[in-house]
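Here are some notes on the model you asked me to look over. They are set out as numbered points, for reading beside the coordinates.

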Amino acid sequence: MLFHLYPDLSVPIDYFAVMEFFSPLSFRLHPPFQQVLSEEEKEQLALHLARIRVLSADEEKLNENVVMAEKEYERRNVRREILKVGPVYSGFHFVSLLAQLASFRPRSSEMCIIFTNQRLATYEPPRWHLRTVIFSYPVVLSTTGFREAPARPREYYVLKQADPLLSEAYLSSRLDWLQEDDARYTDVAIGYMYQAIFFAVNPVSFSFCEEPSCALFNSHWQAEMLEAQGKKRLCSAHQEEWGRICQKEGARANG
């Protein structure tokens, strides 16, 4: 399987280190996803992005009544080298929009893995939840989701209710959460890439792992993410499965 990798340049991820970590799998590194689009595709994407904004955390409906300012924001944003981070979008709608564009349409024995700094969410009653990965075609990983989707330490939220300044000071004294420009971004990206690749290879049977130290663990807290995804390790069962994947992909590359 050939993996097409589209980077997000807003965070310090070393994509060459990512690809090297996953050898002998085959990768092709592209520019950021918005840069490979034609002008017609950018216009099409911008129009629909305004429609899939999440307006309320506890209502499933999206932005039905788009105004001109929202369209113009999206038009300008898709033409940037580094996208601005703003609205929350419905994750599966976001992926569906990309899959309809010629650059990312499903191809046999290929998978597009797109990194973006856009906020993506899925609705699970009674509210929307920010996500780190949207599993579909293409697979989309939200680097802002790495920082915002898994919850920060519990004490932070208690302090935030009493004194926001005190809560920020509390966070600055801890290392169990991912910060902007954090040197651990590459390691976390590799951990989530494990999930993307396992899904790409076996989309029907893919499931999260129950072992908290495995990169396929579904982390809900920042500390869990730094332990599971940040350590770039697999449990014994998934390590065996990974060996089979590498053997199969290596044989395909050499055959």
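1. Two strands are taken to pair if DSSP finds at least two bridges between them. By that criterion E5 and E6 qualify: four bridges join E5 (residues 119–124) to E6 (residues 127–130). The two strands run antiparallel and form a hairpin, with two residues between them. Within this pairing, Glu124 has Arg127 of E6 as its bridge partner. Please bear in mind throughout that this is a predicted model.

2. The main sheet is open and has five strands, in the order E2-E1-E4-E8-E7. Its pairing is mixed. Which strands lie at the edges? They are E2 and E7, each of which pairs on one side only.

3. Strand E1 (residues 2–6) is mostly covered, with five of its five residues buried. Leu2, His4 and Tyr6 point one way from the strand, while Phe3 and Leu5 point the other way. Both sets of side chains belong to buried residues.

4. On one pairing, E1 runs parallel to E2 (residues 26–29), and four bridges join them. His4 has Arg28 as its bridge partner in E2. Between these two strands the chain passes through helix H1 (residues 15–21), making a β-α-β crossover that is right-handed.

5. E1 also pairs with E4 (residues 110–116), again in parallel, and here the number of bridges is five. Phe3 of this pairing stands opposite Met111 in E4.

6. At the other end of the strand order, E7 and E8 are joined by two bridges and pair in the antiparallel sense. Val133 stands opposite Leu141 in E8. Helix H8 (residues 185–201) packs on the sheet, where it touches E1, E2, E4, E7 and E8. The direction of H8 makes about 150° with that of E4.

7. Helix H4 (residues 91–99) contributes several buried residues: Gly91, Phe94, Val95, Leu97, Leu98 and Ala99. What covers them? The cover includes helix H2 (39–49) together with the strands E3 (88–90), E4, E5, E7 (133–134) and E8 (139–142).

8. How do H2 and H4 lie with respect to each other, roughly parallel or roughly antiparallel? Their axes come within 10 Å and cross at roughly 160°. Angles over 145 degrees count as roughly antiparallel, and the two helices are therefore roughly antiparallel to each other. H2 passes H4 in a right-handed crossing. The contact is made by Leu45, His48 and Leu49 from H2, and by Phe94, Leu97 and Leu98 from H4. These three H4 residues are also among those listed above as buried.

9. Gln222 deserves a separate entry. This residue is found in helix H9 (residues 222–228). Is Gln222 buried or exposed? Its relative accessible area is 0%, and the cut-off for a buried residue is under 20%, so Gln222 counts as buried.

10. The surroundings of Gln222 can be listed residue by residue. Leaving aside neighbours within four places in sequence, Gln222 is in contact with Phe146, Arg147, Glu148, Pro150, Ala151 and Arg152, and also with Asp176, Trp177 and Leu178.

Terms used: Residues are numbered from 1 along each chain as its sequence is written. This is a predicted model: local features need pLDDT of at least 70, side-chain atom pairs count only at pLDDT 80 or more; totals for chains, interfaces and linings use all residues. Side-chain values use heavy atoms; hydrogens and water are left out. Buried means under 20% relative accessible area, exposed over 50%, partly exposed in between (1.4 Å probe, protein chains only). A crossover is right-handed if, with the strands pointing away from the viewer, the path from the first strand over the helix to the second runs clockwise. Contact means heavy atoms within 4.5 Å. Axes are lines fitted to C-alpha atoms, for helices over the stretch in contact, and angles run from 0 to 180 degrees between N-to-C directions. Angles under 35 degrees count as roughly parallel, over 145 as roughly antiparallel, 65 to 115 as roughly perpendicular and the rest as oblique. A crossing is left-handed if the near helix is turned anticlockwise from the far one by less than a right angle, and right-handed if clockwise.
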